[in-house]
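This briefing goes through helix packing, enclosed cavities and open pockets, with the residues that make up each of them. Please keep the structure open alongside the text, so that each group of residues can be located as it is named.

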Amino acid sequence: MYSKNGESYFIVDAHVALWDARPENQRNIHGKQFIDCFYDYHRNLSPESEVWPYEDYLYQGGERLMKDLFTDGHVDHAVFQPAYLGEFYDNGFGQTEEAFALAQAHPDKLTYNHHWDPRNGEQGLRQLREDAKRFGLKGAKLYTAEWHGESRGWKLDDHWSYKYLEAAQELGIRNIHIHKGPTIRPLDRDAFDVADVDKVATDFTDLNFVVEHCGLPRLEDFCWIATQEPNVHAGLAVAMPFIHTRPKYFGQIIGELLYWLGEDRIQFSSDYAIWTPRWLVERFVDFEIPDELSEYAPLTTAQKKKILGLNAAAMYDIEVPAELQLRDETPTEVPVAS
């Protein structure tokens, strides 16, 4: 919980990861390229006081994650959104067993989402059913630009992708998070295009599609899709640190999202451990739309509370103490088309 000026905020960090990019886990040069690109984002968009040494950045471990998020970071609950990247890392990039063990040990603080790749066909579908049962999945993180053998990406509206989404419906995995944002070396930029979100959102109206990184740098394309698809949501991972380096640009992002999607379909994410949540939460609570962006309405305290936690809490059925809910309003409900 974070409090300032008499207001308290329930914080849900809706996109965090626990990764291992140490040299002994790097399968090839691409593993180093990937984590080096992450580190460039980290050091170029963070305040100097928040920049980690490179060696610390390669692997955080569960103890540091718990401290960075819950002891120091104002976070009440966080959602793991892992990326596998088996072509780049021997034991995967996201650390499934360690992250799931943390979520089991701290169910009041952590939710574990898993991943799938439709290019794994029938075997992958069987694995998805096993994973859903083992992990008790409410959500998944999909990485459409991930490499797989000779393939350098896939689309949400591919034939096999539909089979996996149908299985997700059957298994009660309702929250589908998709990386649709800036490319990361060596992945291909166009494999992150947001266009395929439109079709699946129309065809799977009882699933929530959370577009992580809100489609950047294709924000306009994303907004035009999301405004007509009420089950499409915006995740602010990667967008958030621009509050420090380019506050006017961040104001444009938030202004556009509020204009097109509304305040109930935007979720705060630190993208830990690319960035840590403490300074992002504090900066966002203080943030005001710059005066020169007068076409956008002011950002209200109630909107900040929804974005920082109440929206994601509603999506994941996370209990919010009565004193942290919006005053004189019913709790936020996730809008999904019927």
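In this predicted model, helix 11 (residues 277-286) packs against helix 12 (residues 301-315) at an angle of about 160 degrees, and the two axes lie 10 Å apart. Since angles over 145 degrees count as roughly antiparallel, helix 11 is therefore roughly antiparallel to helix 12. The bullets below complete this contact and then take up two further helix pairs, the cavities and the pockets.

**Helix 11 with helix 12**

- Helix 11 and helix 12 cross in a right-handed sense, and their contact is formed by Val281, Phe284, Val285 and Asp286 from helix 11 together with Lys304, Ile307 and Leu308 from helix 12.
- Sorted by class, the residues in this contact of helix 11 with helix 12 comprise 5 nonpolar, no polar and 2 charged.

**Helix 5 with helix 6**

- Helix 5 (residues 121-135) and helix 6 (residues 159-171) have axes 11 Å apart and pack at an angle of about 20 degrees, which means that helix 5 runs roughly parallel to helix 6.
- The crossing of helix 5 past helix 6 is right-handed.
- On the helix 5 side the contact involves Gly121, Glu122, Gly124, Leu125, Leu128, Arg129 and Ala132, and these meet Trp160, Lys163, Tyr164, Ala167, Glu170 and Leu171 on the helix 6 side.
- The residues of this contact of helix 5 with helix 6 fall into 7 nonpolar, 2 polar and 4 charged.

**Helix 8 with helix 10**

- The axes of helix 8 (residues 219-226) and helix 10 (residues 247-260) come within 9 Å, and they cross at roughly 15 degrees; helix 8 and helix 10 are therefore roughly parallel to each other.
- Helix 8 and helix 10 make a right-handed crossing, in which Leu219, Phe222, Cys223 and Trp224 of helix 8 are in contact with Ile253, Glu256, Leu257 and Trp260 of helix 10.
- The class make-up of the contact of helix 8 with helix 10 is 7 nonpolar, no polar and 1 charged residues.

**Cavities**

- How many cavities of 30 Å³ or more does the structure hold? There are 2 cavities of 30 Å³ or more, and the largest cavity contains about 180 Å³ of space.
- A set of 21 residues lines the largest cavity, and among these His15, Phe38, Tyr143, Asp271 and Ile274 are the ones nearest its centre.
- Helix 1 (residues 29-45) contributes 3 residues to the lining of the largest cavity, and in doing so gives the most to that lining.
- Divided by class, the lining of the largest cavity has 14 nonpolar, 5 polar and 2 charged residues.
- The second largest cavity has a volume of about 40 Å³, and its lining consists of Val16, Ala17, Leu18, Phe80, Pro82, Gly94, Gln95, Ala99 and Tyr112.
- The lining of the second largest cavity includes no charged residues, being made up of 7 nonpolar and 2 polar.

**Pockets**

- The largest pocket has a volume of about 590 Å³, and it is lined by 29 residues, of which Tyr84, His114, His115, Asn120 and Gln127 lie nearest its centre.
- Helix 4 (96-105) and helix 5 each provide at least two residues of the lining of the largest pocket, and the largest share, 7 residues, is the one from helix 5.
- By class, the lining of the largest pocket is composed of 8 nonpolar, 13 polar and 8 charged residues.
- The second largest pocket, with a volume of about 180 Å³, is lined by His77, Phe100, Ala103, Gln104, Pro107, Leu110, Thr111, Tyr112, Phe135, Gly136 and Lys138.
- Which elements each supply at least two residues of the lining of the second largest pocket? Helix 4 and strand 5 (110-112) each do so.
- The lining of the second largest pocket separates into 6 nonpolar, 4 polar and 1 charged residues.

Key. Residues are numbered from 1 along each chain as its sequence is written. This is a predicted model: local features need pLDDT of at least 70, side-chain atom pairs count only at pLDDT 80 or more; totals for chains, interfaces and linings use all residues. Side-chain values use heavy atoms; hydrogens and water are left out. Axes are lines fitted to C-alpha atoms, for helices over the stretch in contact, and angles run from 0 to 180 degrees between N-to-C directions. Helices (H or I, at least four residues) and strands (E, at least two) are DSSP runs, numbered from the N terminus. Angles under 35 degrees count as roughly parallel, over 145 as roughly antiparallel, 65 to 115 as roughly perpendicular and the rest as oblique. A crossing is left-handed if the near helix is turned anticlockwise from the far one by less than a right angle, and right-handed if clockwise. Contact means heavy atoms within 4.5 Å. Ala, Val, Leu, Ile, Met, Phe, Trp, Tyr, Cys and Pro count as nonpolar, Asp, Glu, Lys and Arg as charged, and the others, Gly among them, as polar. On a 1 Å grid over the protein atoms alone, a cavity is a set of points where a 1.4 Å probe fits but cannot get out, and a pocket is an open set with protein on both sides within 12 Å along at least five of seven lines; lining residues have an atom within 4 Å of a point. Grid points are joined across faces, edges and corners, and a volume is the space filled by probe spheres set on the points.
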